[in-house]
Amino acid sequence: MLQYGKRIWILLVILLLVGCSQSSSEEGGKSGKELTVLFNFPTSTIDPHLDSNYTAVRAGVGETLVKISEELELEPWLAEKWESKDGQNWMFQIREGVTFHNGKKVDARAVKESLERASKDNPAVKAALKIRKMEADGQRLTIQTEEVFPQFPSELVHPNTAIIDVAEKDFDKKPVGTGPFKVASFEPGVALNVERFEKYWDGKAKLDKATFAFNEDANARQMALRSGDADIVFRPPVENLEQLKAEKAKIESVPGLRTHQLIFNMDSPYMKEENVRKAVDALMDRKEIVEHILNGHAVAAKGPFLADFPFAPSYEEKKSGIEAAEQYFTQAGFQIQNGKLAKDGKPVRFKVLTYSSRPELPLIAQILQAKAKELGIEMEIQQVENIDEYLAANDDWDFATYSSLTAPRGDAAYFLNAAFMPDGALNYANINHPKLTAIIHQLNKTVEANERNKLAKAALKIIDKEMLRSFIVHPNIIVAYRDGVKNWVTSKSEYYILTKELDVEK
């Protein structure tokens with residue numbers, strides 16, 4: 001009840017902020033174009049180098065050297081071109097005529113200092129970029145990586161590498177970037193207000209102002225759209241989409257690059273056992289999740305990537321259902337005693353983590369809980385506010401529902417490195433698999449596309465065979481927006497939301 005009250009309070013604060021903004025505009029005699037986006041994941045910081053929600057890039061404040069297109073191809077952004085002859089020594093030509101929001105020129109030195117700061121303050125960025133040294137000369141930035149790294153430019157798509165003026169210090173609340181919008185104000189966990197940057201290098205934005213607000217409650221987001229207090233909402237309740245359509249809202253549901261998963265804690269006495277992980281996976285009813293939780297706006301997952309990616313292997317069919325799960329538990333040395341699953345005479349109790357900003361995840365945990373109960377397994381579900389922070393700081397869990405972008409740069413290497421390498425940013429399970437690590441290392445050094453695909457498939461076969469993670473469904477990206485919003489594009493990568501082309505009718 002307290003949690004529900006907190007969400008309603010946050011929504012009221014958002015509506016008050018929007019209302020005050022509109023009132024001030026009307027009192028000042030302005031009739032500029034303004035728009036409110038309501039996102040599902042709140043953030044306590046908009047520091048581009050640390051914010052795991054990528055708010056600065058999503059809200060059009062920050063930009064990276066390289067971006068990803070909707071066709072999943074790399075495109076120039078702040079770097080107009082790049083090249084390397086050996087995959088280790090790189091040259092990036094920084095675009096002329098770009099300035100930070102404070103008017104300072106963006107040159108190679110400024111880019112170098114920004115990347116140095118990102119690597120210093122974010123260990124995940126340092127591990128991903130593998131930069132040995134950088135040199136700046138005018139608009140020319142040369143970078144040497146620690147090893148041959150053919151996919152290095154794709155790592156510079158990541159929003160945590162956004163270029164900011166590091167001479168400015170209020171990174172948490174007012175980073176100074178290069179995008180079409182600059183920060184007007186930020187209320188942690190509530191909303192980021194931005195205004196048009198008049199000297200944006202790629203032409204002025206069509207909007208004068210925008211609000212990038214947050215609310216984890218899907219019903220509250222829907223209510224904000226229906227009341228007119230939000231123009232665009234991410235992930236409205238799937239069960240209410242037809243109702244929103246009847247009210248003239250526009251709905252986009254497109255296949256994305258995200259996968260809902262179960263992360264198994266390899267430090268858990270239970271999850272160390274391969275057959276236990278396979279038993280938990282066998283309890284997962286993917287068809288029910290697709291049809292009844294996501295109302296068909298998803299496809300069942302066999303691995304981390306959609307089946308049409310060239311690096312997705314063909315998988316063997318897995319056994320599923322209560323009987324299959326019982327067989328796996330038996331092979332792991334478990335017994336059913338007095339209607340309860342037990343190990344060494346002790347009843348089995350699993351602790352499962354979930355979070356509400358993706359409302360289907362707690363429901364998936366509940367389905368799994370119900371299936372486990374049929375086998376006499378007690379399953380405690382704990383809902384946490386920030387899943388990444390909790391997983392990084394605690395090991396008192398057995399497995400967790402989780403959702404992440406798996407191929408945001410159109411390549412398998414990002415997810416394999418992040419989730420399965422010992423120092424990976426998403427390796428919350430503490431996986432340390434020497435054979436898998438060796439394959440990923442080889443992938444990182446391989447240039448030829450077909451050979452890279454073969455290596456990726458080999459890695460994915462190990463992950464699948466040993467059930468190092470369980471992949472549940474690939475959900476569609478669902479966005480609802482009101483009539484009058486123009487030039488909206490539902491980004492497959494989910495990185496680009498407030499763009500210079502986004503517009504609204506007055």
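Reader: How much area does the protein chain expose, and what share of it do carbon and sulfur atoms supply?
Author: The protein chain of this predicted model exposes about 21,600 Å², of which carbon and sulfur atoms supply 48%, with accessible areas taken from the Shrake-Rupley method with a 1.4 Å probe. Local features need pLDDT of at least 70 and side-chain atom pairs count only at pLDDT 80 or more, while totals for chains, interfaces and linings use all residues. Residues are numbered from 1 along each chain, and side-chain values use heavy atoms, leaving out hydrogens and water.

Reader: Why is the protein chain called as compact as a globular protein of its length?
Author: Its radius of gyration, taken over C-alpha atoms, is set against the globule rule, 2.2 Å times the number of residues to the power 0.38; the value is 24 Å, close to the 23 Å that the rule gives for 506 residues, so the chain is as compact as a globular protein of that length.

Reader: What makes the set around Phe 420 a nonpolar core?
Author: A nonpolar core is a set of buried (under 20% relative accessible area) Ala, Val, Leu, Ile, Met, Phe, Trp, Tyr and Cys residues joined through side-chain atoms within 4.5 Å; the largest has 148 residues, and Phe 420 is among those with the most contacts inside it. Helix H13 (residues 413-420) gives the most to this core, with seven residues.

Reader: How do you know that the span of helix H11 is close to the expected one?
Author: The expected span is 1.5 Å times one less than the number of residues; H11, with 15 residues, reaches 22 Å from its first C-alpha to its last, close to the expected 21 Å.

Note on methods
Helices (H or I, at least four residues) and strands (E, at least two) are DSSP runs, numbered from the N terminus. Buried means under 20% relative accessible area, exposed over 50%, partly exposed in between (1.4 Å probe, protein chains only).
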